[in-house]
Amino acid sequence: MPLHCTLNKEYKNCTFLDAEKNPSFEEARAVFLGVSFDATTTYHKGADKGPQALLEASHQIEFEPVLDSAALNERVCMHNAGILEFPSNWKNGMLKEWSENEVRAMAEGMVQEVQKACAPALHAKKFLLMAGGEHSVANGIWKALAHLYNPEGITLLHVDAHLDLRDAYWNQKYCHGSVMARAKEMGFQSVHTGIRDQIGVEEQEQVKKYELRERIFYCATQPKEFYARNARALKKCAWMKKENLVWNGVLNALQMKKLLRAVATPYVWISLDVDGFDSSVMPGTGTPLPYGMSLKGVEDLLHAVIVHARSKKITVLGMDLTELAPLMRDPEKPYSMSNAVSVQSEMNAALLAHKVLQWMFT
Ligand SMILES: [Mn+2]
């Protein structure tokens, strides 16, 4: 199956912040790139519709106390590089069965294309906002970053329900469940929060190998009393540290301090799999799970990291926002519950990206 990928530069003629015109790459301080790719996700499909949904939702955001959207637009001057479109194994509500080899070829080709597409922005040191697509699209960023910098000088701020440290998932190396394994073997530094889904034996070994226990801020999924009763077992736990348990989706002051101390490289990249959020704020994703980060919790964290970076002369290179999978809307029933639920996910994701740009450029 040949990889057929196109760069759609005129998706509804729109820009992320609904600027009247798309500024040229040269004059821009930031770049938007969408990657419409969903081939290896295993549960709720639709991550290939993420970039479009994010662009459209971003036009509805107006409230801001410091800068309105028009003023922010002028300040950020964001070039829309377009949306890389790949064939999806999900069409018209039906899953097309692809063979293992077909998925592999598709994913490998995608990684190369993403690397090529994001290289100019990274090379020109423009803030890159990349909208996925499934989380595996970040593999293209890792490659582009490693081409320009020493990965050991870059900390990945990873927000996700899953550690994504399995060497392969369903025999696929470039897969949404293995994206951090690829990053770690390339030498990137990392901190992780939002994590709460099962961490199997293989991932526990990886946590030990890369000495990540202090760098994982695991979301509590049990009552406090439960953790107290099982304190002895927790002490031996390979990945969970009692002091690092995140309650109610917000890091406490000590945890925030600890996380910021761990961000000590010249560069930072934010990798945000939206299933890191609690499913009540982000139902439109491949594997929505409860007990996750609150919108406020992630906002506080990203704001703190951006401010910390500025004070320490650390460069925040960009952010990937992946696994946004808008729920299928029914155009026949515009006021249905499912339409309302879906829109909430896109709005929250767009709002967060909007705020990150604001903090980066004001
Ligand atoms: Mn992920």
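User: Happy to look at this predicted model with you! When do two strands count as paired?

Analyst: Two strands pair if DSSP finds at least two bridges between them. On that footing, an open sheet of 9 strands runs in the order S1-S3-S2-S6-S11-S10-S7-S8-S9, and its pairing is mixed.

User: What makes S6 and S11 a pair?

Analyst: There are 4 bridges between S6 and strand S11 (residues 315-322), in the parallel sense, and the criterion asks for at least two. One of the partners is easy to find: Leu128 bridges to Gly318 in S11.

User: Good. Why are strand S1 and strand S9 called edge strands?

Analyst: Strand S1 (6-8) and strand S9 (216-217) each pair on one side only.

User: How do you know which residues are protein donors of the manganese ion?

Analyst: A donor atom must be N, O or S and lie within 2.8 Å of the metal. His135 (ND1), Asp160 (OD), Asp164 (OD) and Asp273 (OD) lie 2.1 to 2.3 Å from the manganese ion, so they qualify. His135 is in the loop between strand S6 (127-132) and helix H4 (138-148), while Asp273 is in strand S10 (residues 267-273), so this pair ties together parts 138 residues apart in sequence.

User: And why does His135 count as buried?

Analyst: Buried means under 20% relative accessible area, and His135 has 0% relative accessibility, so it counts as buried. Asp273, at 2%, counts as buried too.

User: What makes Leu302 stand out in the largest nonpolar core?

Analyst: Leu302 is among the residues with the most contacts inside that core of 60 residues. Beyond its sequence neighbours within four places, Leu302 is in contact with residues including Leu157, Ile270, Met319 and Trp359.

Conventions. Residues numbered from 1 in each chain as written. Predicted model: local features only at pLDDT ≥ 70, side-chain atom pairs only at ≥ 80, totals over all residues. Heavy atoms only, no water. Donors = N, O, S within 2.8 Å, 3.2 Å for Na, K, Ca; no water. Helix = DSSP H or I, 4+ residues; strand = E, 2+ residues; numbered from the N terminus. Buried < 20%, exposed > 50% of the residue type's maximum accessible area, 1.4 Å probe, protein only. Core = buried A, V, L, I, M, F, W, Y, C linked by side-chain atoms within 4.5 Å. Contact = heavy atoms within 4.5 Å.
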